[in-house]
Amino acid sequence: MRLFHFLSITLTFTLSVGVSSFALAQTSTCASTDVHEEALANSTEYQRSFFALQDAIETMRQNRDQSSNVNEVLTVPVVVHIMHTGVAIGTRENITEEQVLSAIEGLNEDFRKVAGTNGDGLGVDVEVEFCLAARTPEGEPTNGIIRVDASSVTNYYEQGIKSGNIGEGADETELKSFSVWPRAEYLNIWVVSEIDDNEAGGGTQGFAYFPFDDVRDGITILYNAFGKVGNLKTYTDLNRTITHEVGHSLGLYHTFYNTNSTTQCNNETNCETQGDQVCDTPATTANSLCSGSTNCPDAQVENYMDYTDENCRNTFTQGQADRMRTTLSTSRASLLESLGCTPVAEIDLAAVSFKNPGIKQCTPEVEPELEIQNLGTLTVYNFEVLLTIDDNTPIRVMFTDSIQPGTSIIVTLPSISVPYGPHSLEAYVTLESGELDGWNANDVVSHAFEVEESDFWTIAVSPDVFAGETTWALVDSNNVTIMSGGPYENNTSAPYIQSGCVSVGCYELTVYDSAGDGMQFGGSYSLLSANGEVLAEGSDTYGDHFGYEEVSQVCALPLQLDGCDDLNGNNICDNVEVYGCQESSACNYNPESNISDDNCTYAENGYDCEGNCIEDLDGDGICDMNEILGCTDYIACDYNPEATDQGKCTYALENYDCEGNCIEDQDSDGICDQYEIVGCTDSSACNFDSEATDQGDCTYAEENFDCDGNSTVDSIDLIENDTFTIYPNPYSNENGKLFIKTTSSEIIHLRIVGTDGRLVWEGDGTPYTDGTQLFIINESISPGTYIAHLGSLNPFSAIPLMIR
């Protein structure tokens with residue numbers, strides 16, 4: 001920490017180099033080999049599974065030459081069980097969601113050899129990816145992170161988990177049975193507080209098994225060796241431990257497996273059955289350093305399955321990739337059929353929990369904090385929270401934050417006023433305007449808390465330039481940590497301030513310095529009560545310091561603290577009340593409002609709040625919904641003065657108006673002047689013109705002549721009403737006489753015509769008696785049927801006549 005410590009650090013580092021081989025022999029950072037060999041010796045199920053995997057790998061080797069170099073990317077669902085001891089989220093082993101996400105991200109970077117990341121090394125892309133589970137075995141949404149207080153499991157609180165049946169701590173089967181998901185559908189990862197009572201420090205950082213049907217199957221890892229951010233050790237913050245252990249879970253040995261000497265490196269004769277049984281990983285003993293001499297000349301210190309520092313491990317070989325993919329497609333094939341990575345709904349916001357207040361609250365004023373998680377596949381940009389306090393009228397709060405799929409945010413709700421005593425909070429999360437998402441069962445979360453008479457403490461720590469050595473903890477009489485802080489960033493002296501409610505009772509405040517020289521380069525700290533009383537303080541000077549730790553005994557008294565004003569009794573502190581329209585579809589919507597003023601204004605139908613059309617495809621300034629289709633040509637017969645979009649037009653015929661009347665018709669006969677025809681309109685005239693519309697000159701036949709100049713005197717005009725009778729009928733040639741009795745007074749001209757139209761006889765009648773005319777036929781007519789025409793060829797003047 002100090003300048004005079006540099007020599008000590010250098011000497012220690014040099015010593016570690018000199019004894020690295022000895023250290024590796026004494027302490028293993030991975031217990032996978034140990035648990036593998038113990039299970040292989042004692043578990044029939046493990047033996048059966050192990051030999052089945054060996055057979056599958058051998059088959060893969062025999063078919064390797066026939067396989068393609070391009071593989072389908074395989075995806076493995078992961079569930080992370082955080083086995084904590086009752087500490088708050090973000091404290092020790094109860095790591096944050098951010099730390100878990102960073103671990104899965106780093107794991108994918110290593111397995112996919114992602115360019116520009118720590119995984120972009122010398123090896124190959126394994127083409128295997130990992131996702132946090134998106135649905136539970138019961139088909140409900142999840143983020144794939146399960147938090148379990150396992151402090152009740154025997155020995156876990158004191159020693160952590162035991163590695164297999166050979167270490168110290170809680171029984172592995174008992175602890176994992178406390179929280180496990182079906183191994184056929186999920187790769188279980190247990191994040192633990194300790195392994196073999198190592199206090200989460202050196203020694204075993206994790207272990208895993210080859211596939212077998214047992215609750216133990218999965219990966220066990222220390223919390224401070226899992227992830228790239230969060231509660232990590234400086235030598236495990238590149239996430240290589242989980243990459244290493246997943247390699248074991250997918251069938252990989254250590255690169256130095258069963259190779260304990262240089263002689264064995266040089267004498268390996270069958271790479272498929274000796275060492276790690278992968279032919280493109282050179283034979284090697286265990287390595288600890290990234291550079292310098294190695295026991296075996298071809299050692300691949302960059303391999304993930306070695307023991308070198310994290311900053312140089314970046315490689316899986318093709319042979320290792322083939323072996324892992326074979327394990328996945330055979331012994332762990334069910335993982336590839338799992339729906340664990342498939343979200344239940346596209347849009348799914350979950351109300352996770354209240355981060356504030358805690359179970360106890362010392363002030364009658366609370367600023368609730370709510371964690372909301374997006375368990376769907378789509379980003380959510382706007383949402384609402386209905387906050388109910390003690391079954392009172394809900395408070396509606398709108399948020400415009402965006403939440404990416406698989407992530408969560410903590411939103412701060414308006415400060416509320418609550419009296420001393422027990423209370424309840426309920427948060428109901430919806431989409432914008434109260435719209436429900438795709439899964440409603442996780443939209444509501446409740447929380448009970450109590451406002452009690454207690455103290456409110458504030459601790460301010462101003463570390464010296466070596467702030468990374470400073471930590472502190474406030475614990476109660478049961479040694480439960482109430483508040484803690486540090487280590488801090490070096491060369492930053494600004495005070496770090498932390499406040500919180502403290503129940504009535506006595507506590508112990510301990511300030512630590514890992515280097516043992518206190519904060520002698522200008523550091524200080526203080527602990528104040530709610531009424532400003534200094535409960536503990538310390539300030540070091542050079543040469544005068546507290547050493548490794550300084551302990552203060554402090555007690556909290558029952559106090560009633562002032563809260564906020566709530567004059568209208570709506571549970572919202574008056575100073576944070578914001579009245580306004582809470583309907584997002586309104587023009588005067590106020591997203592900051594937490595109280596509705598019942599005064600929302602809306603745009604006219606089809607228009608936005610600025611008066612612009614929402615839809616106006618032709619850009620004429622008239623909304624599509626208000627467009628009127630019609631004829632816009634004012635000279636058309638169907639012209640519509642209200643039409644906005646041109647439709648079909650109809651027009652009058654030439655020379656007519658739209659009602660069908662002539663535009664010009666001087667004689668008012670209904671025929672346009674342009675279409676008048678002058679001609680004879682008398683049908684009895686010889687020049688009668690049936691198409692004539694205006695009367696012209698007519699010409700007539702002379703009397704007793706037709707229009708063709710033929711005489712009409714030998715014909716009679718028979719009127720349709722005249723009657724006549726011909727006899728005898730049949731007529732006999734021997735008789736020679738034919739009579740016609742008629743009511744007409746005119747002389748009848750008779751024509752006898754054959755059925756073929758041939759005229760056989762004609763002549764005029766002679767009055768015989770009153771109403772009877774005689775016809776003398778002096779020639780013989782061939783017997784047959786004939787037609788007698790009386791004066792014309794009109795049908796009514798024709799009478800059938802039989803002659804024999």
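**Exercise 1. Place T220 in the fold.**
Task: In which strand does T220 sit, and is T220 buried or exposed?

Solution.
Step 1. T220 belongs to strand 6. Strands (E, at least two residues) and helices (H or I, at least four) are DSSP runs, numbered from the N terminus.
Step 2. T220 has a relative accessibility of 0%, so T220 counts as buried. Buried means under 20% relative accessible area, exposed over 50%, and partly exposed in between (1.4 Å probe, protein chains only).
Step 3. Now list the contacts, leaving aside neighbours within four places in sequence: T220 touches I161, K176, W190, V192, I195, Q205, G206 and F207. Contact means heavy atoms within 4.5 Å.
Step 4. Look far along the chain. E664 is 444 residues away from T220, and their C-alpha atoms are separated by 106 Å.

A note on the model: it is predicted, so local features need pLDDT of at least 70 and side-chain atom pairs pLDDT 80 or more, while totals for chains, interfaces and linings use all residues. Residues are numbered from 1 along each chain as its sequence is written, and side-chain values use heavy atoms, with hydrogens and water left out.

**Exercise 2. Do the same for K228.**
Task: Where does K228 lie, and which residues is K228 in contact with?

Solution.
Step 1. K228 is in the loop between strand 6 and helix 8.
Step 2. K228 counts as partly exposed, because its relative accessibility is 23%.
Step 3. Leaving aside neighbours within four places in sequence, the contacts of K228 are S102, A103, E105, G106, E109, D237 and N239.
Step 4. T510 is 282 residues from K228 in sequence, and the C-alpha atoms of the two are 29 Å apart.

**Exercise 3. Judge helix 8.**
Task: How many residues of helix 8 are buried?

Solution.
Step 1. Helix 8 covers residues 240-249.
Step 2. The buried residues are R240, T241, I242, T243, H244, E245, V246, G247, H248 and S249.
Step 3. That is 10 of the 10, so helix 8 is largely enclosed by the rest of the structure.
Step 4. After helix 8 comes G251, with a positive phi near 100 degrees.

**Exercise 4. Sort the salt bridges.**
Task: What separates the partners R48 and E45 along helix 4, and where do D213 and R183 lie?

Solution.
Step 1. Start with the rule: a salt bridge is a side-chain nitrogen of Lys or Arg within 4 Å of a carboxyl oxygen of Asp or Glu. By this rule there are 20 salt bridges.
Step 2. R48 and E45 form one, with N to O at 3.0 Å. The two are three residues apart in helix 4 (residues 44-62), so about one helical turn separates them. An α-helix has 3.6 residues a turn, so residues three or four places apart point the same way.
Step 3. Check the exposure. R48 is exposed at 52% relative accessibility, and E45 is partly exposed at 28%.
Step 4. Next, D213 bridges to R183, with the closest N and O atoms 4.0 Å apart. D213 lies in the loop between strand 5 (206-208) and strand 6 (219-222), and R183 in the loop between helix 7 (172-177) and strand 4 (187-192), so the pair ties together parts 30 residues apart in sequence.
Step 5. D213 counts as exposed at 54%, while R183 is partly exposed at 21%.
Step 6. Finally, E384 and R396 meet at 2.9 Å, N to O. E384 is in strand 11 (residues 383-389) and R396 in strand 12 (residues 395-399), 12 residues apart. Both are buried.
Step 7. Shared partners join R183, D213, D217 and R332 into one network of salt bridges.

**Exercise 5. Describe the whole chain.**
Task: What radius of gyration does the chain have, and how many helices and strands are there?

Solution.
Step 1. The chain has 11 helices and 38 strands.
Step 2. Its radius of gyration is 55 Å, whereas a compact globule of 804 residues would have one near 28 Å. The radius is taken over C-alpha atoms, and the globule rule is 2.2 Å times the number of residues to the power 0.38.
Step 3. The C-alpha atoms fill a box of roughly 175 × 85 × 45 Å along the principal axes.
Step 4. Of the 804 residues, 43% count as buried.
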